[in-house]
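Here is a short set of exercises to work through with the structure open beside you. Try each task yourself before reading its solution.

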Amino acid sequence: MTNGVETDAGEASATPWAERLDRPGPKRVLALDGGGVRGALTIGILHEMERHLRCKSGRPDLVLSDYFDLIGGTSTGAIIAAGLALGRTTQDIESLYRDMGPSIFRRVLHRLPGFAARFNPLHLERALVDQLGPGTLGNAAWRCGFCAVAKRVDTGSSWVISNSPRSKYWNGDPDETELGVPDHQRSVTPNRDFPIAKVVQASAAAPFFFDLVKIEVERGKPGVFFDGAITPHGNPSLQLAMSALIPDYGFGWRAGEDELLIISVGTGAVRPRKPGWTTPPLLAIWKALQALMSVAYDNSQLAITLLQWLGSTPDPVSVNSEIGGVQNARPAGVRPFWSFQRYDAPLEQGWLRTVLGIECSTAEIGSLQKLDASGNIPKLFEIGRIAGKKLLADAHFPKAFDV
């Protein structure tokens, strides 16, 4: 037992992450949205965030895992989060996306639409193992907390998978753990034994793009997963706030404006506007897809609304024309649960032109909004970096959270 964290025999008695889990003081959370190759836009914003924090702290070698205590994401956000939580720089993650994108999103002619996923899942699986290594949640050299969201298909539940050694199923079934059942005889696979690459692949297994992913959650009985963006947590910021504060998730940190900082980064979210998709000639499957995208957008807006409503936000983003950014709207007597800031660069012509000074044609915008157009990765990096320079401010990182 080290700092309240159980360690298995043979493992290091203390790791940077084990020490940070129980360290007193304020905590910082970074939440990263899903969005396919548009994760490159997220990385562009994070690149500027890393640069900003290096200047603010006077530490030119600072990486985001030095500042944030928990980094989590959904789908492409889970890929980025895993790399960052393992101590990678944003430049490392940018290189990862430049290398992975074209190989993962490579069309295969024999994969017929409607009969097989569009892309070969082996390409994603191999790339993740190559980039993240063969380690598990329990034995990887984590620099900070990590969390990924996936959808378990065979039980219909959202799964929030973390590297917290205090999470309920870290050592398998709690009842078997309490009874001292040897590891090899336990019926439930300990979460600590889940391979990182497999967890991330499960979170990123977008329907129609990749096949379902199996993880052995019970001995000899796999759980079946697909993209966490099919849960309410495509924007995982609200879920990560709950993960940080609800003790049963294994973190048990404190709420408060000066106790918990939540930074949320998007992938260029666009409000679904398809005036023609209700017409009879359009295929029913297409209508279903558009409806699903609308629900994902609404879920993200709800998360932003709640986090701004119940927290302190220096620069609120407008939720809609009716309530704006819900500034100063907390119920009387309710203190902020957290400090919160949201960054995104909506891939819309008007916003890009007005806010960032970037001109894009209608065709370019349509291409940039795609989840699988790997040729857009350099342009998305550029948009993210410009957005980061424009949007980031010292006030978003209060002095209470200095490192």
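**Exercise 1. The second largest pocket**

Which element gives the largest share of the lining of the second largest pocket? Work it out on this predicted model, then describe the lining by class.

*Solution.* Start with the space itself: the second largest pocket holds about 740 Å³. Its lining is made of 26 residues, and those closest to the centre are Q301, V317, S318, P346 and W351. Next, look for elements that give two or more residues to this lining: they are helix 10 (284-309), strand 8 (339-343) and helix 13 (377-391). Helix 10 gives the largest share, with five residues. Finally, sort the lining by class: twelve residues are nonpolar, six are polar and eight are charged.

**Exercise 2. A salt bridge inside one helix**

Find the salt bridge between E48 and R51, and decide for each partner how exposed it is.

*Solution.* First, the contact: the side chains of E48 and R51 meet at 2.9 Å, N to O. Second, the place: both residues belong to helix 2 (residues 39-57), where they are three residues apart, about one turn of the helix. Third, the accessibility: E48 has a relative accessible area of 4%, so it is buried, as the cut-off is under 20%. R51, at 41%, counts as partly exposed.

**Exercise 3. A salt bridge between distant parts**

Which elements hold E94 and R385, and how many residues apart are they?

*Solution.* Begin with the distance: a salt bridge joins the side chains of E94 and R385 at 2.4 Å, N to O. The pair links distant parts of the chain, with E94 in helix 5 (residues 90-104) and R385 in helix 13, 291 residues apart. Then check each end: E94 is buried at 5% relative accessible area, while R385 is partly exposed at 25%.

To widen the view, R20, R28 and D69 are joined into one network by salt bridges that share partners. The whole structure holds 18 salt bridges.

**Exercise 4. A case close to a cut-off**

Is D66 buried or exposed? Classify its salt-bridge partner R59 too.

*Solution.* The closest N and O atoms of D66 and R59 are 3.6 Å apart, and the two form a salt bridge. D66 has a relative accessibility of 19%; buried means under 20%, so D66 counts as buried. R59, at 31%, is partly exposed.

**Exercise 5. Positive phi outside glycine**

Where do S75 and N328 lie, and what is the phi of S75 and of N328?

*Solution.* Keep the background in mind: most residues other than glycine have a negative phi. S75 has a positive phi of about 60° although it is not a glycine. Its place is the loop between strand 2 (70-74) and helix 4 (76-85). N328 also has a positive phi, near 55°, and lies in the loop between helix 10 and strand 8. Now add accessibility: S75 is buried at 6%, whereas N328 is exposed at 82%.

**Exercise 6. An aromatic pair**

What is the geometry of the ring pair W17 and F251, and which parts of the chain does the pair tie together?

*Solution.* A search of the whole structure finds seven aromatic pairs. In the pair W17 and F251, the ring centres are 6.2 Å apart and the planes meet at 50°, so the pair is tilted. W17 is in helix 1 (residues 16-21) and F251 is in the loop between helix 9 and strand 7 (260-265), so the pair ties together parts that are 234 residues apart in sequence. Both rings belong to buried residues: W17 has a relative accessible area of 4% and F251 of 2%. Ring pairs also bring in W253, which forms a cluster with W17 and F251.

**Exercise 7. A covered helix and two cysteines**

How many of the nine residues of helix 9 are buried? After that, count the disulfides.

*Solution.* Helix 9 (residues 237-245) is mostly covered, with seven of its nine residues buried. These are S237, L238, Q239, L240, A241, S243 and A244. As for disulfides, the structure holds zero. Two cysteines can still be classified by accessibility: C55 is exposed at 58%, and C360 is buried at 8%.

Technical notes. Residues numbered from 1 in each chain as written. Predicted model: local features only at pLDDT ≥ 70, side-chain atom pairs only at ≥ 80, totals over all residues. Heavy atoms only, no water. 1 Å grid on protein atoms, 1.4 Å probe; cavity = no way out; pocket = protein on both sides within 12 Å on 5 of 7 lines; lining within 4 Å. Points joined across faces, edges and corners; volume = space filled by probe spheres on them. Helix = DSSP H or I, 4+ residues; strand = E, 2+ residues; numbered from the N terminus. Nonpolar A, V, L, I, M, F, W, Y, C, P; charged D, E, K, R; others polar. Disulfide = S-S within 2.5 Å. Buried < 20%, exposed > 50% of the residue type's maximum accessible area, 1.4 Å probe, protein only. Salt bridge = Lys/Arg side-chain N within 4 Å of Asp/Glu carboxyl O. Phe/Tyr/Trp six-rings, centres within 6.5 Å; stacked < 30°, edge-to-face > 60°.
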